[in-house]
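Student: I would like to go through this model with you, asking about one feature at a time and reasoning each answer through.

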Amino acid sequence: MDSTQLLRDRRDEYVFLFSDCVPVEGAAASAIYDLTRKHISTFPSAYFPFFALFRARRLGEIVDALSPEEHDDFVAFLDFLLANEYVAVVADAAAFPEISRAWDAPCAIHNAIVDVRGQHHDYRKIVAELSGLGCQHLQVRGYAGVFGLAELDELARLCRGSSIQTLEAILAHEPGRSDDDYVAVVGAHRLITGLTVHSAPQERRLAVDYGARGDAATLLTLEISMTVKPLESALDCGQIGKRQLLPPTTPTFNELRQFSGCLNRKLAIDERGEVRNCPAMRGSFGDHRAVSLAQVVADEAFRRVWAARNDEIEVCRDCPYRYACTGCRALLADPAVEDSKPLKCGYDPYTDTWADWQTRAGAAAALAHYQARVHLPIVRG
């Protein structure tokens with residue numbers, strides 16, 4: 001049924017926005033997060049006030065209060081909502097409860113990052129203590145050849161029987177390794193859900209099909225990404241673009257409304273073995289060999305950054321994508337302002353446009369600030 005027929009035949013009913021379709025207001029553009037289909041649609045923010053009217057007034061009451069120009073805009077917007085199956089027209093919208101916006105997780109730490117460059121860490125201790133904290137996802141980043149394919153294989157073995165469900169790795173290319181070597185290690189550990197090999201001779205992908213064939217292979221195959229681009233330091237992280245946005249689900253949406261998408265329940269060990277909230281942040285909570293990770297996590301100073309919500313960050317608070325964006329609190333557009341937007345975000349919510357963040361005024365100076373800080377002495381939290 002189109003909007004014209006609804007306006008004629010069902011004026012005494014209400015426009016009901018499905019509970020799993022959540023409107024998010026932005027500056028120039030706003031969005032609807034379809035939490036079931038994991039999709040985001042945007043529309044001009046001028047239409048956003050209609051959502052407040054849908055539950056309060058009948059369809060006919062809304063239309064009768066509009067001017068002729070507003071009427072045409074409303075019909076266009078209603079057509080958009082109907083075409084995307086975001087709304088239905090019902091006799092009593094109050095009969096449909098909203099989805100709970102609460103969020104929690106059965107773990108003290110949800111994900112962790114371990115960086116490796118010139119020295120090995122105590123991986124056995126790290127895995128055991130992360131498992132004690134309920135950590136589910138681990139990423140290891142090898143900037144040089146110290147942590148390679150053999151070390152990844154051993155780390156995956158250490159993770160067996162732990163709380164860790166996924167292991168992702170970024171490794172430097174090893175010239176003596178064949179494609180079969182990489183495929184064999186990934187294929188031997190279903191725990192490994194992603195492998196990127198940086199500083200490779202050429203851009204290409206290797207398929208790991210786990211011995212499956214036909215349609216099953218299509219579903220199960222994992223790709224190893226080979227890239228010529230080097231991974232130089234933790235400062236290479238923090239990119240924010242359309243490809244980095246999270247597919248919206250009820251858990252991720254609820255979490256990002258209340259917490260930092262990047263730092264919430266995260267623990268990191270930098271290349272020197274220091275425990276941090278993020279490898280690119282300065283505050284250290286001690287060398288992982290000398291401190292208990294559980295004691296670090298219990299420290300209020302460590303947990304404080306978890307609550308750095310996008311709703312409280314300059315510019316981000318006006319962005320329609322703020323509940324699908326993990327953000328970055330380590331590299332800021334203005335290093336002197338604690339609630340500055342992320343340095344490497346190219347979206348402007350006031351014009352609803354994406355651009356290369358490096359072209360923004362002050363971006364080069366901000367990046368130089370962080371690059372100069374890399375070699376400064378360790379700062380304890």
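**Rings, cores and backbone**

Tutor: Phe-74 is buried, with a relative accessible area of 0%. Please keep in mind throughout that this is a predicted model.

Student: With which residue does Phe-74 form a tilted aromatic pair?

Tutor: The ring centres in this pair are 4.9 Å apart and the planes stand at 55 degrees to each other. Planes from 30 to 60 degrees apart count as tilted, and the pair links distant parts of the chain, with Phe-74 in helix α4 and its partner 24 residues away in helix α2 (residues 50–56). The partner of Phe-74 is Phe-50.

Student: Is Phe-50 buried or exposed?

Tutor: The relative accessibility of Phe-50 is 11%, and a residue under 20% is classed as buried. Phe-50 therefore counts as buried.

Student: How many residues apart in sequence are the parts that Phe-43 and Phe-77 tie together?

Tutor: The structure holds 24 aromatic pairs. In the one formed by Phe-43 and Phe-77, the ring centres are 5.2 Å apart and the planes are at 50 degrees, so this pair is tilted, and both of its residues are buried. Because Phe-43 lies in strand β4 (residues 39–44) whereas Phe-77 lies in helix α4 (residues 68–83), the parts that they tie together are separated in sequence by 34 residues.

Student: Which tyrosines belong to the cluster that ring pairs build around Phe-43 and Phe-77?

Tutor: Ring pairs link Phe-43 and Phe-77 into a cluster whose further phenylalanines are Phe-48, Phe-50, Phe-51, Phe-54, Phe-74 and Phe-80. The tyrosines of this cluster are Tyr-47 and Tyr-86.

Student: Over which ring does the charged end of Arg-190 sit?

Tutor: Two arginines can be set side by side here, and Arg-257 lies over the face of Tyr-323, at 5.8 Å from the ring centre. The charged end of Arg-190 is 4.0 Å from the centre of its ring, which belongs to Tyr-210.

Student: Which helix gives the largest share of the largest nonpolar core?

Tutor: In soluble globular proteins, nonpolar side chains tend to be buried together. The largest nonpolar core in this model has 45 residues, and those with the most contacts inside it include Leu-138, Val-140, Leu-152, Leu-155 and Leu-167. Six residues of this core, its largest share, come from helix α6 (residues 149–159).

Student: How many residues are in the other core, the one that includes Leu-59?

Tutor: This core lies apart from the largest one, and among its residues, besides Leu-59, are Leu-66, Tyr-86 and Val-89. The number of residues in this core is 24.

Student: Where is Val-315 found, the residue other than glycine with a phi near 70 degrees?

Tutor: Most residues other than glycine have a negative phi, whereas phi of Val-315 is positive. At 23% relative accessibility, Val-315 counts as partly exposed. Val-315 is found in the loop between α11 (300–303) and β15 (347–348).

Student: What is the relative accessibility of Asp-352?

Tutor: Asp-352 has a positive phi of about 55 degrees, although it is not a glycine, and its place is in the loop between β15 and β16 (353–354). Asp-352 counts as partly exposed because its relative accessibility is 34%.

Student: Which residue of β3 stands opposite Val-24?

Tutor: Strand β2 (residues 21–24) pairs with strand β3 (residues 29–34) in the antiparallel sense, over four bridges. A hairpin of four residues joins β2 to β3. The residue opposite Val-24 in β3 is Ala-31.

Key
Residues are numbered from 1 along each chain as its sequence is written. This is a predicted model: local features need pLDDT of at least 70, side-chain atom pairs count only at pLDDT 80 or more; totals for chains, interfaces and linings use all residues. Side-chain values use heavy atoms; hydrogens and water are left out. Rings of Phe, Tyr and Trp (its six-membered ring) pair if their centres lie within 6.5 Å; planes under 30 degrees apart count as stacked, over 60 as edge-to-face and the rest as tilted. Helices (H or I, at least four residues) and strands (E, at least two) are DSSP runs, numbered from the N terminus. Buried means under 20% relative accessible area, exposed over 50%, partly exposed in between (1.4 Å probe, protein chains only). A charge sits over a ring if NZ of Lys or CZ of Arg is within 6 Å of the ring centre and within 35 degrees of the ring normal. A nonpolar core is a set of buried Ala, Val, Leu, Ile, Met, Phe, Trp, Tyr and Cys residues joined through side-chain atoms within 4.5 Å. Two strands pair if DSSP finds at least two bridges between them.
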